[in-house]
Amino acid sequence: MTSPLHQFVQAAQDHGRFSLSGQSAKTNAAYRKLKKAREELRRQPDSAEAALLALLEHPDASVRTWAAYYLLPTRELDAIRALTSVATGPDLIAFGAEMTL
């Protein structure tokens with residue numbers, strides 16, 4: 001069985017990949033998996049905030065974006081820095097990060 005954090009990372013990567021390739025049904029399925037993994041992470045001590053903070057340095061822009069999105073209420077400055085960095089890119093993930101800002 002994979003950990004909720006691994007599920008979060010995998011779903012965020014899938015969401016980004018499917019978004020970029022225009023596969024809306026798969027993008028939506030990845031979002032549902034991402035949301036479920038986040039709900040499981042919330043049940044952990046500190047709501048897995050430390051793990052999400054570490055994901056702000058992940059090599060995948062989609063993972064950084066989703067981690068930052070969920071950290072906005074509690075770690076706003078860290079989240080804004082990550083989103084600002086992703087938003088400089090040329091693709092749909094960058095646009096999503098910009099809109100989140």
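These are numbered notes on a predicted model, covering its central helix, nonpolar core, surface patch and salt bridges.

1. Helix H4, residues 61-71, is mostly covered, with nine of its 11 residues buried. The buried set consists of Ser62, Val63, Arg64, Thr65, Trp66, Ala67, Ala68, Tyr70 and Leu71. Polar residues and an arginine thus appear in the list beside nonpolar ones, among them Ser62, Arg64 and Thr65.

2. What lies over the buried part of H4? The cover includes helix H1 (4-20), helix H2 (24-42), helix H3 (49-55), helix H5 (76-86) and helix H6 (92-100). At the start of H4, the backbone nitrogen of Ser62 has a side-chain oxygen of Asp60 within 2.8 Å.

3. The largest nonpolar core has 24 residues, and Phe8, Leu52 and Leu55 touch the most other members. Helices H1, H2, H3, H4, H5 and H6 each give two or more residues to this core. H4 supplies the largest share, six residues. In soluble globular proteins, nonpolar side chains tend to be buried together.

4. Leu52 deserves a separate look. Setting aside residues up to four places away in sequence, Leu52 touches Phe8, Arg38, Leu41, Ser47, Ala67, Tyr70 and Leu71. Three of these partners, Ala67, Tyr70 and Leu71, are also among the buried residues of H4.

5. Gln13 lies in helix H1. Is Gln13 buried or exposed? Neither label applies: Gln13 is partly exposed because its relative accessible area is 23%, and buried would need a value under 20%. Beyond its neighbours within four places in sequence, Gln13 is in contact with His58, Asp60 and Val63. Asp60 is also the residue whose side-chain oxygen reaches the backbone nitrogen of Ser62, and Val63 is one of the buried residues of H4. For Gln13 and Glu57, 44 residues apart along the chain, the C-alpha atoms are separated by 14 Å.

6. On the surface, Leu20, Leu92, Phe95 and Met99 form a nonpolar patch with about 410 Å² of accessible area together. Helix H6 gives the largest share of the patch, three residues. Leu92, which lies in H6, has a relative accessible area of 48% and is therefore partly exposed; exposed would require over 50%.

7. The count of salt bridges comes to four. One of them joins the side chains of Asp14 and Arg17, at 2.5 Å from N to O. Both residues lie in helix H1, three residues apart, about one turn of the helix. An α-helix has 3.6 residues a turn, so residues three or four places apart point the same way. The two partners differ in cover: Asp14 counts as buried at 12% relative accessibility, whereas Arg17 is partly exposed at 44%.

8. Asp78 takes part in salt bridges with two arginines, Arg75 at 3.0 Å, N to O, and Arg81, where the closest N and O atoms are 2.8 Å apart. Asp78 and Arg81 both lie in helix H5, three residues apart, about one turn of the helix. Side chains of opposite charge can pair when their charged atoms come close.

9. How exposed are these residues? Asp78 is partly exposed, with a relative accessible area of 21%, and Arg75 is partly exposed at 31%. Arg81, at 53%, is exposed. Together with Glu49, the residues Arg75, Asp78 and Arg81 are linked in a network of salt bridges.

Key. Residues numbered from 1 in each chain as written. Predicted model: local features only at pLDDT ≥ 70, side-chain atom pairs only at ≥ 80, totals over all residues. Heavy atoms only, no water. Buried < 20%, exposed > 50% of the residue type's maximum accessible area, 1.4 Å probe, protein only. Helix = DSSP H or I, 4+ residues; strand = E, 2+ residues; numbered from the N terminus. Contact = heavy atoms within 4.5 Å. Polar contact = N/O pair within 3.5 Å; in protein donor to acceptor, adjacent residues only side chain to side chain. Core = buried A, V, L, I, M, F, W, Y, C linked by side-chain atoms within 4.5 Å. Patch = residues over 30% accessible without salt bridge, like charges linked within 9 Å, V, L, I, M, F, W, Y side chains within 5 Å. Areas by Shrake-Rupley, 256 points an atom, 1.4 Å probe, with all protein chains shown as cover.
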